[in-house]
Amino acid sequence: MENFTFQNPVKLIFGKDQLGALPNEISKYGNKILLLYGGGSIKKNGVYDRIMESLAGDNLETIELSGVEPNPKLSTIKRAVDVCKSENIDFILAVGGGSVIDAAKAVAIGAQNDADVWDLITKKERPSGALPFGTVVTLASAGSEMNASSVITNWETKEKKGWSSPFTYSKFSILDPTFTYSVPPEQTTFGIVDIMAHVLENYFHHSLNTPVQDGLCETILKDLLETGPRLLENPDSYALRETVMLNAVLARNGMLNMGSKGDWATHDLEHAVSAIHDIPHAGGISILFPNWMKHVLDEQNEARFKQLAVNVFSVSPEGKSNHDVALEGIEALRNFWNLLGAPQNLSEYNLTEEEIEAIADKSVEAKPAYGKFKKLTRHDSFQILKASL
Ligand code: NZQ
Ligand code: ZN
């Protein structure tokens, strides 16, 4: 294993009917709240009314800001930072999926510092703290509720930037699986794809002596193979929704990379795609991941691909070369995501050959090579993108 330090201060409040905890949890930090949410799903599914009910009568004043978009935009973050500053907001309550939670992290840091929020995100300026914030999760996917990471898109510079800070852990996260009943099938699929991708990013590493970490990854993946198709058939199943919700947290709260260094090249490449052409994060991941796997598979690393194929996808290794077993595993992953209805080609989002040149450039803008399991250059990015078109 690699040396590591692990600290995760987020208080998770998981299960049915937990909103009653909100007033107590919030009033530790003040009484003027910014309620941040997305495009309105929380109004349609009743979550908004339940939040307002639980906040009523506790001397809490709420100001709302809605319209946080999937792949949250810097312009929206700046609008929210201005509101926090002009209204002297004490606490941000983010209600939604990864986009709203990621936005809250950026708003929290922008509101507490004089520097421009993009300079804080891109680390040109150092933050001295952040406004406290909490989350109510409505979508099992990004796992942002129990980590310090955030992804923000600056459309002026065409950058989709992943960043984190020690100040961007939420004070609490409330996860009620019933709030995810209304997630439509396509978004449910995207959630499962993204969670599996987070596990796979952690799984592809070269660190030694990691049977526990690898076993945890394999367990989550197998659980999702089993749960995913049943959940699409039974979207109101509490048991299936809670399973996926917990897996989303475990895949991204730092537990899976204790002592190992995962790859994350596919996420970097997806961020380059979305910076040029706005597509759903997990849509891009679903297209790119199997092509990344095929691209990097070689004699030195095929044992790990074989382990995935055999332990997760039950590929029989009998009488086959390691390479063939590895390829069967990649095919099994592709087939599973197809079965869930996830996209397979970038052209499904109308991406063009011209755009993939620009995406390949973008993928190496920050540094000439990226990815830890196997270093990728611009040429590699282009090959993977071309195979994905
Ligand atoms: O905006 P509303 O109206 O709320 O609708 C959302 C949105 O359209 C909808 N939705 C959410 N909860 C719902 C619901 N619809 C019906 N019922 C509900 N209960 O779902 C749509 C997508 O939401 P979004 O928050 O964008 O999805 P997700 O949670 O997958 O987050 C994606 C973002 O997270 C970033 C991605 O880059 C992307 O910007 N990521 C953040 C990570 C992190 N912070 O650790 C890691 C991830 O790899 C990812 O990169
Ligand atoms: Zn992701």
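Which residue has a polar backbone atom 3.1 Å from an oxygen atom of ligand 1? To find out, select ligand 1 in this predicted model and display the backbone of Gly40, since a polar backbone atom of Gly40 is the one that lies 3.1 Å from that ligand oxygen.

**Stop 1: around the ligand**

Keep ligand 1 on screen and add the side chain of Thr138, where an N or O atom lies 2.8 Å from a nitrogen atom of the ligand. Then show the backbone of Ser149, which places an N or O atom 3.1 Å from a nitrogen atom of ligand 1. Taken alone, ligand 1 would expose 960 Å², and the protein buries 89% of that area.

Now widen the selection to the 33 residues around ligand 1, and within it highlight Ser41, Gly98, Ser99, His198 and Arg252, which are the ones that come nearest. If you colour this shell by residue character, you should find eight nonpolar residues, 21 polar ones and four charged ones. Colouring by secondary structure instead brings out four elements that each supply at least two residues of the shell, namely helix α5 (98-111), strand β6 (149-154), helix α7 (185-203) and helix α10 (265-276). Colouring by domain shows a shell that draws on both parts of the chain, with at least three residues from domain 1 (11-180) and at least three from domain 2 (185-388).

**Stop 2: strand β6 and its hairpin**

From the shell, follow strand β6 into its partner β7 (159-164), with which β6 pairs in the antiparallel sense. Six bridges join these two strands, and one pair to pick out is Ile152 with its bridge partner in β7, Lys161. The two strands form a hairpin with four residues between them, and in that turn Lys158 has a positive phi of about 55 degrees.

Moving on from β7, select Ser165 in the loop between β7 and β8 (172-175). Is Ser165 buried or exposed? Ser165 has a relative accessible area of 7% and therefore counts as buried. A distance drawn from the C-alpha atom of Ser165 to that of Ala130, 35 residues away along the chain, should read 9.5 Å.

**Stop 3: helix α10**

Helix α10, already met as a contributor to the ligand shell, also contains Ala272. Ala272 has a relative accessible area of 5%, so this residue is buried. Draw a distance from Ala272 to Lys160, and the C-alpha atoms will be found 6.7 Å apart, although 112 residues separate the two along the chain.

**Stop 4: strand β2 and its neighbours**

Next select strand β2 (residues 32-37), which is mostly covered, with six of its six residues buried. With side chains shown, Lys32, Leu34 and Leu36 point one way from the strand, whereas Ile33, Leu35 and Tyr37 point the other way, and the residues on both sides are buried.

Which strands does β2 pair with? One is β3 (residues 61-65), which runs parallel to β2 and is joined to it by five bridges; here Lys32 has Glu61 as its bridge partner. The other is β4 (residues 91-96), likewise parallel to β2 and joined to it by five bridges, where Leu34 is partnered by Ile92.

**Stop 5: two asparagines in loops**

Turn to Asn209, in the loop between α7 and α8 (211-233). Its phi is near 55 degrees, a positive value in a residue other than glycine. Asn209 counts as exposed because its relative accessibility is 56%.

Asn350 can be viewed alongside, in the loop between α13 (322-339) and α14 (353-363). Asn350 is likewise not a glycine and has a positive phi of about 60 degrees. With a relative accessibility of 60%, Asn350 counts as exposed.

**Stop 6: a long span**

Finish at Asn322, which lies in helix α13. Asn322 is partly exposed because its relative accessible area is 29%, a value that falls between the limits of 20% for buried and 50% for exposed. Draw a last distance from Asn322 to Ser173, which is 149 residues away along the chain, and the C-alpha atoms will be separated by 43 Å.

Definitions and conventions
Residues numbered from 1 in each chain as written. Chains lettered and ligands numbered in written order. Predicted model: local features only at pLDDT ≥ 70, side-chain atom pairs only at ≥ 80, totals over all residues. Heavy atoms only, no water. Buried < 20%, exposed > 50% of the residue type's maximum accessible area, 1.4 Å probe, protein only. Pairing = 2+ DSSP bridges. Near = heavy atom within 4 Å. Polar contact = N/O pair within 3.5 Å; in protein donor to acceptor, adjacent residues only side chain to side chain. Areas by Shrake-Rupley, 256 points an atom, 1.4 Å probe, with all protein chains shown as cover. Nonpolar A, V, L, I, M, F, W, Y, C, P; charged D, E, K, R; others polar. Domains from an automatic or database assignment.
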